[in-house]
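Student: Could you take me closely through one part of this model, the charged side-chain pairs, and set them against the rest of the fold? I would like one connected account rather than a list.

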Amino acid sequence: MQAVQEGAACFEFGRFRVLSRRRQLLAGDAPVELGSRAFDVLMVLLEARGSLVTKDELLDRVWPGIVVEENNIQVQISSLRKALGEDRNMILTAPLRGYRFTAEVRVTNCEADADASAATDFTTPDSERPAVTNLPAAVSDFVGREPDGQAVWGAVAAVVAPPRAATNLPEPVSELIGRETEIEEILRLARAHRLVTLTGAGGIGKTRLGLAVARLLLPKFVNGAWLAELASLSDPDLVPAAVAMALGLQLPAGAVPAECIANAPGSQHLLLVLDNCEHVIDAAAGIAETLLHTNAALHVIATSREPLGAEGEIVYRVPPLDVPAEGTEDIDDALKHGAVRLFVARARAAQRHFSTDRRISAATTAICRRLDGIPLAIELAAARVATLGAEGVAARLDDRFRLLASGRRTALPRHQTLRATLDWSYDLLPSSERLILRRLSVFAGGFTLEAASTVAACCEVIGPGVVDCVVNLVTKSLVAADVDGPEPRYRLLETTRAYVLEKLTQSSERDEIARRHAEYYRHLLQRAAVESLTRPAAEWLAAYGPDVDNLRAALDWAFSPSGDPSVGVALTIASVPLWLHAHRAKHH
């Protein structure tokens, strides 16, 4: 690949122009904001003229002589796509391989006295090259040598890149996969609001996303971006000191008022990342709110399993990675989904020659679906591929807590095993919410608030109290809510349900709650059978069809050795209209 002569080349594609000498991207005549590394990535893609640029090529060209992780490429590609806006599809991703620039590109001469439409070559004869003097060593080493695109562009990028702002943000050591959309959404929120909290279940990837966004925002803050890790704190009173330490502030001994932190020299215009706030939630909320009230130029990104509840907070619920539809076997279709891409990448890290034929693809898809698209669980499962194979891992997921029990030694203790992650969340709950969460595990699929109030209530927590507990568990990312239908429905992720079902069994009340569950659905379906005679079939099935999984679970218990066959018989009779309506709907 030949080098573009710095200062002469102008690239035109669609409504955009790239002025290489000025290192500027224009949309029409308007400058488009673009970071230095993202500009270098764009130049490499343009030089390739539609050919595939591998990740290794990008790393060599944009970060010459520096060892960085592939995640850096993804971050810069995300910035580029954001800059291109509605034309973002000009950059095509080749999964696990690299990127391709798909738009037609014209190369013209951008000198002030040149015809804007005059075509120019990528090279200039030696006799026509201007004298080059006073260049930094990194570039002058190449003067007089044969053009080497990789070396020259790498050296130019190293010289023109602005100095990085001060920060203690750790550099990524592995690629952040499948989160392009989430990064763009969080960036948009963080630019528009001063306090953004990322919430979600344990292992969902809140910290990784928060740090990725903070790195992208770093150039915007004169006083840098700083990470305050709260995971190791057991005393909420230590939160202000932890923040001051993260910012490198020298403050008097003793209690550290948040106002002192906000007004300290060097802390006026900065981004603060408060990571793992859930166990010191009140203190984290307090310092975030005080800092924002005291300093109008300070911004905060927080990560927590529940919102801080602070003034001005914008909550972003981090979703699981997207998973393929059930039955997907084609690997190309499967690799369109972030969960599968993550599994394959981590499996290849554990077993270099991991292949993805049709059979392995089906197992991989099943693993990602059963693990709910949770990145931590998927990474733990992928690490087992080297010893069990993908099909072996899929076959053992019924015993997932024993299977997924060896994570990174350097990770936080609660992220080293799947069980430890759930232990952390469960142990933070008050006793009433633990009790209700255990009892909710009897539901298969989903449930309504009416069902939860009937089945999970007890003398300590009656109906309205059960509703409050369910709402709190949704807030704490342990119960998922679907409020878009005619009636809100709730569910536990499969892994969370498996965990609390163990707890229910250990509490010796599983049979009692299972009986209540079966009795509730017997009464519900008896009522439904009467309604089926007068209510429109489609409307009736929409109301009662979602409980088919609960019906199956209730029948399984009723006819089990510890169940009650009489309840099972009554439930079977009451369920006949549901089976008939479901059969007709399936075949029409």
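**Salt bridges in the predicted model**

Tutor: Arginine 535 has a relative accessibility of 27% and therefore counts as partly exposed, and its side chain meets that of glutamate 531 in a salt bridge, with 2.9 Å from N to O. Glutamate 531, at 23% relative accessibility, is likewise classed as partly exposed. Please keep in mind that this is a predicted model, and that the pair just described belongs to a structure holding 29 salt bridges.

A second pair is formed by glutamate 494 and arginine 370, whose closest N and O atoms are 3.1 Å apart. This pair links distant parts of the chain, since glutamate 494 belongs to helix α21 (residues 494-506) and arginine 370 to helix α13 (residues 358-370), 124 residues apart. Glutamate 494 is partly exposed, with a relative accessible area of 30%, and arginine 370 is partly exposed at 25%. Both residues also take part in a network of salt bridges that links Arg370, Asp398, Arg400 and Glu494.

The third pair has another setting: arginine 61 forms a salt bridge with glutamate 47, and the closest N and O atoms are 2.3 Å apart. Because arginine 61 lies in helix α2 (residues 55-62) and glutamate 47 in helix α1 (residues 36-47), the pair ties together parts that are 14 residues apart in sequence. With the cut-off for burial set at under 20% relative accessible area, arginine 61 counts as buried at 4%, and glutamate 47 is buried too, at 5%.

As for the rest of the fold, buried residues make up 49% of the 588 residues in the protein chain, and the secondary structure comes to 26 helices and 15 strands. In soluble globular proteins, nonpolar side chains tend to be buried together. Here the largest nonpolar core has 112 residues, and those with the most contacts inside it are Phe343, Leu437, Leu440 and Val479. Helix α22 (residues 510-531) gives the most to this core, with 8 residues, while a second, separate core of 34 residues includes Val239, Val243, Leu274 and Ile281. Phenylalanine 343, leaving aside residues up to four places away in sequence, touches eight-part surroundings that include Phe354, Ile367, Ala381 and Val385. Finally, among contacts between residues at least 6 apart in sequence, 68% join residues at least 24 apart.

How values were computed. Residues numbered from 1 in each chain as written. Predicted model: local features only at pLDDT ≥ 70, side-chain atom pairs only at ≥ 80, totals over all residues. Heavy atoms only, no water. Core = buried A, V, L, I, M, F, W, Y, C linked by side-chain atoms within 4.5 Å. Buried < 20%, exposed > 50% of the residue type's maximum accessible area, 1.4 Å probe, protein only. Helix = DSSP H or I, 4+ residues; strand = E, 2+ residues; numbered from the N terminus. Contact = heavy atoms within 4.5 Å. Salt bridge = Lys/Arg side-chain N within 4 Å of Asp/Glu carboxyl O.
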